[in-house]
Amino acid sequence: MQNNKIVLLKGDGIGPEIIDAAVTVLREIEKIEDLSFELVTAPIGGEAIDQCGHPFPKETEIELEDAKAVLLGAVGGPKWDQIEPDIRPEKGLLALRKKLGVYANLRPAKCYSSLVDQSPLKPEYLQDVDLIIVRELIGGIYFGNRDTFVENGERVAFDEERYSESEIKRIAIYAFETAKKRRNKLTLVDKANVLDSSKLWRTVVKEVATDYPEVELDFLYVDNAAMQLIKSPASFDVILTNNIFGDILSDEASQVVGSIGLLPSASLGKDIGLYEPIHGSAPDIAGQNIANPIGTILSLAMLLRFSFNEEKAARKIEEAVEATLLAGYRCKDLDPNNYLGTKEMTEKIIEQLS
Ligand code: IPM
Ligand code: MG
């Protein structure tokens, strides 16, 4: 029998609510498309620290062994801010990504016509905005050497940005393949005017480019890219970048298209795919049924597409989300004066499914 096991890592803050929303959608799509998944829940982040003393505990690791995909809510919150750095909730997420070997983090950002008013940008800038950030996820400054110490009587700290040729090459190939399936345009974002690591990125990406003559490749320094993302967001198709720049630019892209609550992600690399909304745990709104579930529901669509090859089911979910937004339904992040709760929004999306 085909492996159909999905591990749910709800995490902290709004994590449980948005995962529950996505599971409701999944149970419905199972009926409609005649699919069946085994769902298992395990702890991650702050909840795992509370339950097991570690943000990525052994029991969660064991659940992953025979899984096909992981759907994750969010981790972190003020409750664990004072904890020692090595077992912060975020460390659990990074350890999970590393363990799964998911080096390719795909973060699509598309402007829905019904949400044009949501963007701080003028409508004429938003026509045809449909980009995807391919972010390297298990290398760079997130995983480099770091230390904090006292030198000459003052405190000093450093974090190392380090990439090997093979790490760059595999993500570059992923980005070119992604561009081939889209509009054949790839932009490498780096800081090659200053950083050695970025110079290596340029060199390796140019070498990989020789295998993809049909893909138009250009280069932007990250400061300029941050500006162009506001000035002409529609000029981008695929953005390839390192871990830290991808983290920053994906939050920026979310505002261009309306709200960070909308954006999903898929992290791929080996056998198990990891799917999570790009936003955080939003502890300030947790437990109030006001979080936007769309980023997580669209992450579920990516899960069905990439881990189970269920393109039809994935499309159905994406179309249902689009139709729900088009019908004028909003969560609080999109319209603070007239909004649906997390559960009610999910119900509206489910109505559109069938
Ligand atoms: C993200 C988040 C994480 C990251 C945090 C929670 C560690 O911001 O997925 O974008 O920086 O990768
Ligand atoms: Mg981030």
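Which residue forms a salt bridge with Glu61? The close-up views below start from that pair and then move through this predicted model.

**View 1. Glu61 pairs with Lys58 inside helix H3.** Lys58 is the partner, and the closest N and O atoms of the two residues are 3.4 Å apart. Both residues belong to helix H3, which covers residues 58-64. They sit 3 residues apart, about one turn of the helix. The two ends of this salt bridge have unlike surroundings: Glu61 is buried, with a relative accessible area of 19%, whereas Lys58 is exposed at 55%. Glu61 counts as buried because its 19% falls under the 20% cut-off.

**View 2. Arg88 and Glu90 form a salt bridge.** Here the closest N and O atoms are 3.1 Å apart. Arg88 is partly exposed, with a relative accessible area of 25%. Glu90 is partly exposed too, at 30%. As general background for these views, side chains of opposite charge can pair when their charged atoms come close.

**View 3. Asp247 and Arg135 link distant parts of the chain.** Asp247 comes from helix H9 (residues 243-256), while Arg135 comes from strand S5 (residues 130-136). Although their positions lie 112 residues apart in the numbering, the two side chains form a salt bridge whose closest N and O atoms are 3.9 Å apart. Arg135 is buried, with a relative accessibility of 1%, and Asp247 is partly exposed at 26%. Also worth finding is a network in which salt bridges that share partners join Asp130, Arg182, Arg183 and Asp237. For the wider picture, the structure holds 29 salt bridges.

**View 4. Asn184 has a positive phi in a loop.** Its phi is about 60°, although Asn184 is not a glycine. The loop in question runs between helix H6 (165-180) and strand S8 (185-190). Asn184 is partly exposed, with 26% relative accessible area. For comparison, most residues other than glycine have a negative phi.

**View 5. Asn289 also has a positive phi.** Again the value is about 60°, and again the residue is not a glycine. Look for Asn289 in the loop between strand S12 (273-275) and helix H10 (294-308). At 23% relative accessibility, Asn289 is partly exposed.

**View 6. Domain 1 meets domain 2.** The domain assignment gives domain 1 as 1-102 + 264-354 and domain 2 as 120-256. Their centres, taken over C-alpha atoms, are 25 Å apart. The contact draws 9 residues from domain 1 and 10 residues from domain 2. Between them, the domains bury about 850 Å², with 66% of that area on carbon and sulfur atoms. On the domain 1 side, Leu94, Lys98 and Ile278 lose the most area to domain 2, together making up 50% of what that side buries.

**View 7. Polar pairs and elements at the domain interface.** How many salt bridges cross between domain 1 and domain 2? The count is 0, while 1 residue pair is in polar contact across the interface. Helix H4 (89-100) and strand S11 (266-268) are the elements that give two or more residues to the side of domain 1 that touches domain 2. H4 gives the most, with 4 residues. By class, this side of domain 1 has 4 nonpolar, 2 polar and 3 charged residues.

Terms used:
Residues numbered from 1 in each chain as written. Chains lettered and ligands numbered in written order. Predicted model: local features only at pLDDT ≥ 70, side-chain atom pairs only at ≥ 80, totals over all residues. Heavy atoms only, no water. Domains from an automatic or database assignment. Contact = heavy atoms within 4.5 Å. Buried area = accessible area lost by both parts, 1.4 Å probe. Salt bridge = Lys/Arg side-chain N within 4 Å of Asp/Glu carboxyl O. Polar contact = N/O pair within 3.5 Å; in protein donor to acceptor, adjacent residues only side chain to side chain. Nonpolar A, V, L, I, M, F, W, Y, C, P; charged D, E, K, R; others polar. Buried < 20%, exposed > 50% of the residue type's maximum accessible area, 1.4 Å probe, protein only.
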